[in-house]
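Visitor: I'd like to zoom in on one aromatic ring and what sits around it. Could you walk me through that part slowly, and then show me how it fits into the rest?

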Amino acid sequence: MRKIVLVFVWALILGSIFASCTKEGGNGPVDMSLIKGKWNFNKSTATSSGFTIPYTTPYFKNEEGCPKDYVDVLSGGIVKYGDYSPNCVFLGKDGTWTQSENTVTIDVTGTSFSGTFNVTSLTATELVLKIDGTYSGQSGTLALYFTK
């Protein structure tokens with residue numbers, strides 16, 4: 001049991017060190033014209049009480065050997081969600097999205113991928129979405145990282 005606690009403490013310490021070295025936007029407006037396109041899921045983190053750790057979400061988890069899960073943000077408020085389950089079984093769902101300043105609201109029916117996200121970083125090749133909520137029983141912020 002002691003080994004498990006030590007591993008968890010080290011994961012929290014390392015996660016907070018790497019998170020403190022990450023440069024993200026969020027201090028001003030982002031160029032929301034860059035949001036359209038196919039964004040491949042890269043990773044997710046959860047931050048609570050000042051600690052940031054890797055976090056596996058039920059709706060974005062790249063399966064080994066499969067194409068990456070993705071969100072394709074299209075004109076006209078349409079979003080396409082692609083999820084590859086174990087054995088690379090594909091599940092595609094359509095949804096909607098709207099944008100207001102630095103926030104984007106995404107609703108994909110039949111999935112957990114819905115909510116109003118703060119766009120904290122958006123470039124031609126990187127998108128970071130953050131949303132506050134309760135994760136594994138703790139309140140905090142979930143960050144989803146995507147690349148083109």
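Which residue puts its charged end over the ring of Tyr70, and how far is that end from the ring's centre?

Guide: Lys38 does: its charged end sits 4.3 Å from the centre of the Tyr70 ring (the test wants NZ of Lys or CZ of Arg within 6 Å of the ring centre and within 35 degrees of the ring normal). Before you lean on any of this, bear in mind that the model is predicted, with pLDDT of at least 70 needed for local features and 80 or more for side-chain atom pairs, while totals for chains, interfaces and linings take in all residues. Numbering starts from 1 along each chain as its sequence is written, and side-chain values use heavy atoms, with hydrogens and water left out.

Let's stay with Tyr70. Its relative accessibility is 13%, so Tyr70 counts as buried (under 20% is buried, over 50% exposed and in between partly exposed, with a 1.4 Å probe and protein chains only). So Tyr70, the ring under the charged end of Lys38, is a buried residue at 13%.

Tyr70 also has ring company. The structure has five aromatic pairs (rings of Phe, Tyr and Trp, the last by its six-membered ring, with centres within 6.5 Å; stacked under 30 degrees between planes, edge-to-face over 60, tilted for the rest). One of them joins Tyr70 to Phe90: the centres are 6.4 Å apart and the planes meet at 15°, so this pair is stacked. Tyr70 belongs to strand 3 and Phe90 to strand 5 (residues 90–100), so the contact ties together parts that are 20 residues apart in sequence (strands are DSSP E runs of at least two residues, helices H or I runs of at least four, numbered from the N terminus). The partner has another burial class: Phe90, at 41% relative accessibility, counts as partly exposed. Ring pairs also bring in Tyr84, which makes a cluster of Tyr70, Tyr84 and Phe90.

Elsewhere in the model, Phe113 and Phe117 make a tilted aromatic pair, 5.5 Å centre to centre with 40° between the planes. Both Phe113 and Phe117 are buried. And the lysine-over-ring arrangement comes up again with Lys43, which lies over the face of Tyr145 at 4.8 Å from the ring centre.

Now back towards strand 3, this time for a covalent link. A search of the whole structure turns up one disulfide (cysteine sulfur atoms within 2.5 Å). The cysteines are Cys66 and Cys88, with 2.1 Å between their sulfur atoms. The torsion about their S-S bond is about -95°, so this disulfide is left-handed. Where do the two ends sit? Cys66 is in the loop between strand 2 (51–54) and strand 3, and Cys88 in the loop between strand 4 (78–84) and strand 5, so the bond ties together parts that are 22 residues apart in sequence. So strand 3 and strand 5 come up twice: they hold Tyr70 and Phe90, and each of them borders a loop that carries one of the cysteines.

The ends of the disulfide are in different burial classes: Cys66 counts as buried at 13% relative accessibility, whereas Cys88 counts as partly exposed at 33%. Cys88 has a backbone quirk as well, with phi near 60°, a positive value in a residue other than glycine. For context, most residues other than glycine have a negative phi. Glu101 shows a positive value too, with phi near 50°. Glu101 sits in the loop between strand 5 and strand 6, and with a relative accessible area of 68% it is exposed.

Strand 5 also holds Gln99, which is partly exposed at a relative accessible area of 39%. Gln99 makes a long reach in sequence: Met32 is 67 residues away along the chain, yet the two C-alpha atoms are 8.3 Å apart in space.

Finally, the frame around your ring. The protein has one helix and nine strands, and from the N terminus on the order is α-β-β-β-β-β-β-β-β-β. Of its 148 residues, 36% are buried. Tyr70 is one of the buried residues, with the charged end of Lys38 over its ring and ring pairs linking Tyr70 with Tyr84 and Phe90.
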